[in-house]
Amino acid sequence: MNNTEINVGIDTSSTQLDIYVRPTGQFFSVKNDTAGIKEAVKQIQPLKPNRVLIESTGRLELEFVCAAHKAGLPIVVCNPGNVRNFAKSSGRMAKTDKLDAMDIAHFGEAMKPRLSSIKPEKLRAISDLLVVRSQCLEMSTMQKNRLKRMPKTVHKPIQAILNTIKKELLSIDKQLDKLVDSVAEWRQKRDLLLSAKGVGNVLAYTLMSELPELGSLNRKEIAALVGVAPMNRDSGSYQGKRYIRGGRHRVRTVLFVSMMSAIQCHPKLKPMYERMVAAGKPKKVAIVACMRKQLTILNTMVKNGTYWDEKMV
């Protein structure tokens, strides 16, 4: 272990950032607001760390991540599950804010994760709009279910809510189109992705914002990153079932939804799905295999800068 490396672990909450420096043992806390983040960056910069590690919490870490990147700090956004599993494997069962920050720093020193690439402002805006769009769709589904169950006396207000959600979805789609159209590189990438069978605007925008690695990794790496690669569960002569796990859940969810439509008409994926089901494979296993195939095709297209070709395998 190279103890000359400086790894800064940051535990995040809605109100506070707890910061631990390994191996010096320095620890301090700041408020998770603009002033506190500015102070944290000011104290971390002179340390010249090899990595500044913070767990992905959804939104709580975003302001610090942007500020740290702007200040030139080597930021790493970690998967909380990976850090917690690492802590348990190291014998740490207790959990406090300080201990969590220590575990994050230790994780950085031992595992040496690659630095995170920060999305440009507009690409982050695409990601945020996609989150809101997904939430709108969830609310729409709930209201449609209520429309089926509730008496006709309350159908009018439910329908009004559905109409409002529909208008918001149209507005969000227009904003997404405008954002992507404003950057030639993104517009070209979107058009390339949309040329593929089974890919719509939502999947294309999700891949652009949540999977910037698309086109830069090989097929096994991209499948593992998204979480559609089957993981072995073997020991000795025992061969367990393969399961998918982890990865970019938002990409995987959107890819799954698009695949439900693609297996009905896609010239490559429909026959593949039907062959696997006919061979006795569970339908979910067949769908995930088709998701992996679709992802591999899209990865190749982006890597080579080529548009959809039905001869692609």
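What follows is a chat between a visitor and a guide about a predicted model.

Visitor: Let's start with charges. How many salt bridges does the structure hold?

Guide: Side chains of opposite charge can pair when their charged atoms come close. Here the cut-off is a Lys or Arg side-chain nitrogen within 4 Å of an Asp or Glu carboxyl oxygen. Going by that, the count for the structure is ten.

Visitor: Take E5. Which residue does E5 form a salt bridge with?

Guide: E5 sits in the segment before β1, and its partner is in strand β4 (residues 51–55), so the pair ties together parts that are 46 residues apart in sequence. The closest N and O atoms are 2.9 Å apart, and the partner is R51.

Visitor: Are E5 and R51 buried or exposed?

Guide: Buried means under 20% relative accessible area. E5 comes in at 10%, and R51 at 9%. Since both values fall under the cut-off, E5 and R51 each count as buried.

Visitor: Which residue is linked with E5 and R51 in a network of salt bridges?

Guide: We've already met the E5 and R51 pair, with its N and O atoms 2.9 Å apart. The network takes in one further name, K112.

Visitor: On to R190. Which residue's side chain meets R190 in a salt bridge?

Guide: R190 lies in helix α7 (residues 184–194), and it is buried, with a relative accessible area of 9%. Its partner is partly exposed, at 36%. The N to O distance is 2.8 Å, and the partner is D181.

Visitor: What else is around R190? Which residue's side chain is joined to R190 by a polar contact of 3.3 Å?

Guide: Not counting residues up to four places away in sequence, R190 touches D177, V180, D181, Y205 and M208. D181 is the salt-bridge partner from before. The 3.3 Å polar contact goes to another name on that contact list, Y205.

Visitor: How far apart are the closest N and O atoms in the salt bridge of R250 with E210?

Guide: R250 lies in helix α10 and E210 in helix α8 (residues 201–210), so the pair ties together parts that are 40 residues apart in sequence. R250 is partly exposed at 32%, whereas E210 is buried at 14%. Their closest N and O atoms are separated by 3.0 Å.

Visitor: Now the surface. What accessible area do F256, V257 and M260 have together?

Guide: M260 belongs to helix α10 (residues 249–265), and at 39% relative accessibility it counts as partly exposed. With F256 and V257, M260 forms a nonpolar surface patch, and the combined accessible area is about 260 Å².

Visitor: What span should helix α12 have, and how far apart are its end C-alpha atoms?

Guide: Helix α12 covers residues 283–304, which makes 22 residues. The expected span is 1.5 Å times one less than the number of residues. That should give 32 Å, and the end C-alpha atoms agree, being 32 Å apart.

Visitor: Which residue just after α12 takes a positive phi?

Guide: Helix α12 runs over residues 283–304. Just after it, phi is positive at about 65°, and the residue is G305.

Visitor: Last stop, S14. Which residues is S14 in contact with, leaving aside its neighbours within four places in sequence?

Guide: S14 sits in the loop between β1 (7–12) and β2 (16–22), and it is exposed, with a relative accessible area of 52%. With those neighbours left aside, its contacts are N32 and L60.

Methods:
Residues are numbered from 1 along each chain as its sequence is written. This is a predicted model: local features need pLDDT of at least 70, side-chain atom pairs count only at pLDDT 80 or more; totals for chains, interfaces and linings use all residues. Side-chain values use heavy atoms; hydrogens and water are left out. Patches are made of residues with over 30% relative accessible area and no salt bridge: like charges are joined within 9 Å, nonpolar side chains (Val, Leu, Ile, Met, Phe, Trp, Tyr) within 5 Å. Accessible areas come from the Shrake-Rupley method with a 1.4 Å probe; for residues, only the protein chains shown count as cover. Helices (H or I, at least four residues) and strands (E, at least two) are DSSP runs, numbered from the N terminus. Buried means under 20% relative accessible area, exposed over 50%, partly exposed in between (1.4 Å probe, protein chains only). Contact means heavy atoms within 4.5 Å. A polar contact is a pair of N or O atoms within 3.5 Å; within protein, one must be able to donate a hydrogen and the other to accept it, and residues adjacent in sequence count only if both atoms are side-chain atoms.
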